Amino acid sequence: MTERSSDDRLSLVADNIKRINENIQTALLKAGRTDKVRLMGVTKTVDPEIVSFSVKNGVTLLGENRVQEFLDKRERYEGDPEVHFIGGLQTNKVKYIIDKVKMIHSADSEKLIREIDHRAKNAGLTMDILIEVNIGGEESKSGIAPEMLDELAYMSAELGNVRVRGLMAIPPVNVDGSSAVYFDRMFRLYSDLRDKTAGDERFSVDTLSMGMSGDYEEAIMHGSNIVRIGSVLYGYRNYAK
Ligand SMILES: *Cc1c(COP(=O)(O)O)cnc(C)c1O
């Protein structure tokens with residue numbers, strides 16, 4: 001790949017943001033939706049300067065995958081973005097991020113959720129969580145089995161310092177090249193949980209986090225309201241400096 005000047009790279013990112021926002025609006029219209037979708041910039045391996053540029057250009061929600069990389073980079077983020085943790089999270093790392101992120105999308109076990117609750121309590125806060133569902137039943141993927149969802153959600157509700165806000169998934173691609181069937185299943189799980197917890201003060205279910213660079217428009221067709229986008233927003237990863 002040829003090297004690009006920093007200005008070229010920034011103008012590419014600006015173009016990408018504009019195009020993605022247009023695509024989001026088109027998908028919302030097509031789906032007949034009148035609610036909103038939040039665009040999350042997924043920052044893994046992206047230079048903090050480029051991340052800051054995207055924040056200035058309206059990507060005010062960031063998704064972080066790796067604890068150490070986040071801790072190294074966060075001081076250099078400008079513009080006061082809202083940060084969510086979206087990557088696999090070991091229980092022994094929760095303490096490093098608990099007061100630095102607003103939501104954790106990758107809550108996928110009782111042990112992890114109990115640790116989040118414990119650390120949130122120590123920090124004097126309530127942490128918003130999304131329960132990650134392994135909707136394709138793939139052995140290699142994280143997330144809980146759909147059958148476990150109710151149990152884990154109500155267990156979480158009993159704790160004082162986590163609040164279940166919804167669900168997250170990284171669905172597989174089906175043989176027909178689409179993830180529609182999984183997005184649809186996720187939407188049903190999400191709406192069931194939302195409906196059955198409506199009016200229950202321990203819950204505040206309003207977030208369905210699904211859709212990435214290759215499939216965010218389809219995810220929006222199926223009710224996603226946070227799309228997590230890395231490569232088509234920031235360009236190629238690990239480009240030459
Ligand atoms: C990397 C990553 C994304 C973004 O992936 P792209 O295909 O680059 O948009 C979204 N969610 C999670 C959990 C990720 O790790």
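Does D80 count as buried, partly exposed or exposed, and at what relative accessibility? The legends below treat this residue among several close-up views of a predicted model.

**Figure 1. D80 and its backbone geometry in the predicted model.** D80 counts as exposed, with a relative accessibility of 72%, which is over the 50% cut-off for that class. The residue sits in the loop that links α3 to β3 (82-85). Although D80 is not a glycine, its phi is positive, at about 55°.

**Figure 2. T45 in the loop ahead of α2.** The loop shown runs between β1 (38-42) and α2, and T45 is found in it. T45 is not a glycine, yet it has a positive phi of about 65°. Its relative accessible area is 25%, so T45 is classed as partly exposed; the class covers values between 20% and 50%.

**Figure 3. Helix α2 and its surroundings.** Helix α2 comprises residues 48-56 and is mostly covered, with seven of its nine residues buried. These buried residues are P48, I50, V51, S52, F53, S54 and V55. They pack against α1 (6-31), β2 (61-64), α3 (67-73) and α9 (231-234). Just after the helix, G58 adopts a positive phi of about 105°.

**Figure 4. Helix α6 and the elements that cover it.** In helix α6 (residues 149-158), the buried residues are L149, L152, A153, M155, S156 and A157. An α-helix has 3.6 residues a turn, so residues three or four places apart point the same way. The cover over the buried residues of α6 includes two helices, α5 (110-123) and α7 (180-197), together with the strands β5 (127-132) and β6 (162-168).

**Figure 5. A180 and its contacts distant in sequence.** A180 lies in helix α7. When neighbours within four places in sequence are left aside, A180 is in contact with E218 and H222. The C-alpha atoms of A180 and D215 are 9.3 Å apart in space, while the two residues are 35 residues apart in sequence.

**Figure 6. The largest pocket.** The largest pocket holds about 260 Å³ of space. It is lined by 18 residues, of which K44, N65, I86, I170 and M212 are the closest to its centre. By class, the lining of this pocket divides into six nonpolar, eight polar and four charged residues.

**Figure 7. The largest cavity.** One cavity of 30 Å³ or more is counted in the model. The largest cavity has a volume of about 50 Å³. Its lining is formed by E132, V133, N134, I135, G136, E138, K141, S142, I170, P171 and P172. Five of the lining residues are nonpolar, three are polar and three are charged.

**Figure 8. The protein chain as context for the close-up views.** The chain contains nine helices and eight strands. Its C-alpha trace spans about 50 × 40 × 35 Å along the principal axes. The radius of gyration is 18 Å, which agrees with the value near 18 Å for a compact globule with 241 residues. Buried residues make up 49% of the 241 residues. Among contacts with a separation of 6 or more, 61% join residues 24 or more positions apart. The accessible surface of the chain comes to about 11900 Å², and carbon and sulfur atoms account for 46% of it.

Note on methods
Residues are numbered from 1 along each chain as its sequence is written. This is a predicted model: local features need pLDDT of at least 70, side-chain atom pairs count only at pLDDT 80 or more; totals for chains, interfaces and linings use all residues. Side-chain values use heavy atoms; hydrogens and water are left out. On a 1 Å grid over the protein atoms alone, a cavity is a set of points where a 1.4 Å probe fits but cannot get out, and a pocket is an open set with protein on both sides within 12 Å along at least five of seven lines; lining residues have an atom within 4 Å of a point. Grid points are joined across faces, edges and corners, and a volume is the space filled by probe spheres set on the points. Ala, Val, Leu, Ile, Met, Phe, Trp, Tyr, Cys and Pro count as nonpolar, Asp, Glu, Lys and Arg as charged, and the others, Gly among them, as polar. Helices (H or I, at least four residues) and strands (E, at least two) are DSSP runs, numbered from the N terminus. The radius of gyration is taken over C-alpha atoms; the globule rule is 2.2 Å times the number of residues to the power 0.38. Buried means under 20% relative accessible area, exposed over 50%, partly exposed in between (1.4 Å probe, protein chains only). Contact means heavy atoms within 4.5 Å. Accessible areas come from the Shrake-Rupley method with a 1.4 Å probe; for residues, only the protein chains shown count as cover.
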